[in-house]
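I opened this model to look up its overall form, its ligand shell and one arginine. My entries are below.

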Amino acid sequence: MRTAKLGELEVARIGLGAMGMSHGYTGAGSDDAESIRTIHRALELGVTLIDTAEIYGPYVNEELVGKALKGRRDQVVLATKFGLVAHDGRGPWTLDSSPGNIRTAVEGSLTRLGTDHIDLYYQHRIDPNTPIEDTMGALASLVKDGKIRYIGLSEVWIDTIRRAHAVHPVTALQSEYSLWTRDQEPLLPVLRELGIGLVAYSPLGHGFLTGALRTPADIEALDDSDFRKNNPRFTGENFQRNLRLADEVQAVADQVDATPAQVALAWLLTRGDDIVPIPGTKRVSRVQENTAADTVELTSDQLAALDALTPAEGDHHTDEQMAMIER
Ligand SMILES: NC(=O)c1ccc[n+]([C@@H]2O[C@H](COP(=O)([O-])OP(=O)(O)OC[C@H]3O[C@@H](n4cnc5c(N)ncnc54)[C@H](OP(=O)(O)O)[C@@H]3O)[C@@H](O)[C@H]2O)c1
């Protein structure tokens, strides 16, 4: 697989998101053996960047990834995240990027992942109660101690990025980026000015762009814990209207003899060699399909058609989740 640069860090240009193996999606946690086979297959296919977070589960996704990487640690660029779990008794889904919390969080992640260092350690969401300078200072000392190699941020905007980067180089920003979520494109010039890469999460639009969900009955059939059941793009009239988008991606896929998932990823790969999508799957067959997007070529007409896709109806997260995102 071709490679991409996230700051100084070189990775294969398609990564693997491990979240859905344990968290957030229908079937999460139901077949760990297949999830582990999926990670192993990804490595065989040349994937290097594996993405997890302590909040996924919480904790169990890091444990699963750690189990899968036993004996293969040196083949991967291992990325995890802190800042959505407070370790002082307030628990999961608490914004806490205070230096003390980071020092506790990193030890837990290292243990669960079965490693002595994390390659890319992200703040998961900005903490309104901790200045980013304090967070970066704590992360910089973890770099000095060899516990983490590179620092990332997730879902923050220009001012935070500049302030953080002034304390210690930021290697990657992780944000939602896909054919139907392009609202952070204004950030790209700033990231390029500072030499920061973009890791595109939910590059398949939480699976919607693949055409896998076509009817209200498909949504109804999702597990109650599947966040898409309440996601504004997957509910009510928005869902019906957004089907047009999936059709438009399918039309390009038919032209290039690829799948819609591959088209969604191939389009992202044309956006720059500093952009790395991390499609999430817990199935061997899909990791094979998704990584094969590396060889899908789109013509200028097809790229123009994808650039002109019908805009999505509905925000990409619930109001509660949007409140934690900087724009
Ligand atoms: N920084 C953040 O705040 C943040 C937020 C969300 C996600 N992430 C990271 O980004 C990664 C990817 O995002 P995501 O998993 O939310 O969304 P995604 O990659 O856009 O889509 C994942 C969904 O698509 C399905 N899928 C995958 N490949 C497919 C294919 N070829 N055909 C049909 N369906 C397919 C998966 O189901 P199966 O698993 O059943 O294949 C799953 O339901 C996550 O795993 C996580 O590591 C980060």
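The entries go from the whole chain to the ligand and then to the arginine.

Numbering: residues count from 1 along each chain as its sequence is written. The model is predicted, so I kept to its limits: local features need pLDDT of at least 70, side-chain atom pairs count only at pLDDT 80 or more, and totals for chains, interfaces and linings use all residues.

Whole chain: I found 12 helices and 12 strands (DSSP runs numbered from the N terminus; helices are H or I of at least four residues, strands E of at least two). The radius of gyration, taken over C-alpha atoms, is 19 Å, close to the 20 Å that the globule rule gives for 327 residues, so the protein is as compact as a globular protein of that length. That rule is 2.2 Å times the number of residues to the power 0.38. The C-alpha trace spans about 50 × 40 × 40 Å along its principal axes.

Ligand: I listed 30 residues around the ligand, and the closest are Gly17, Met19, Leu204, Gly207 and Gly280 (C-beta atom, placed from the backbone, within 6 Å). Helix 10 (residues 284–291) gives the most to this shell, with 3 residues.

Arg283: this residue is in the loop between strand 12 (275–277) and helix 10. Is Arg283 buried or exposed? Arg283 is partly exposed, because 18 other C-beta atoms lie within 10 Å (buried means 20 or more, exposed 12 or fewer, partly exposed in between; C-beta atoms are placed from the backbone). Leaving aside neighbours within four places in sequence, Arg283 is in contact with Glu34 and Thr38 (C-beta atoms, placed from the backbone, within 7 Å).

Notes
Two residues are in contact if their C-beta atoms, placed from the backbone, lie within 7 Å.
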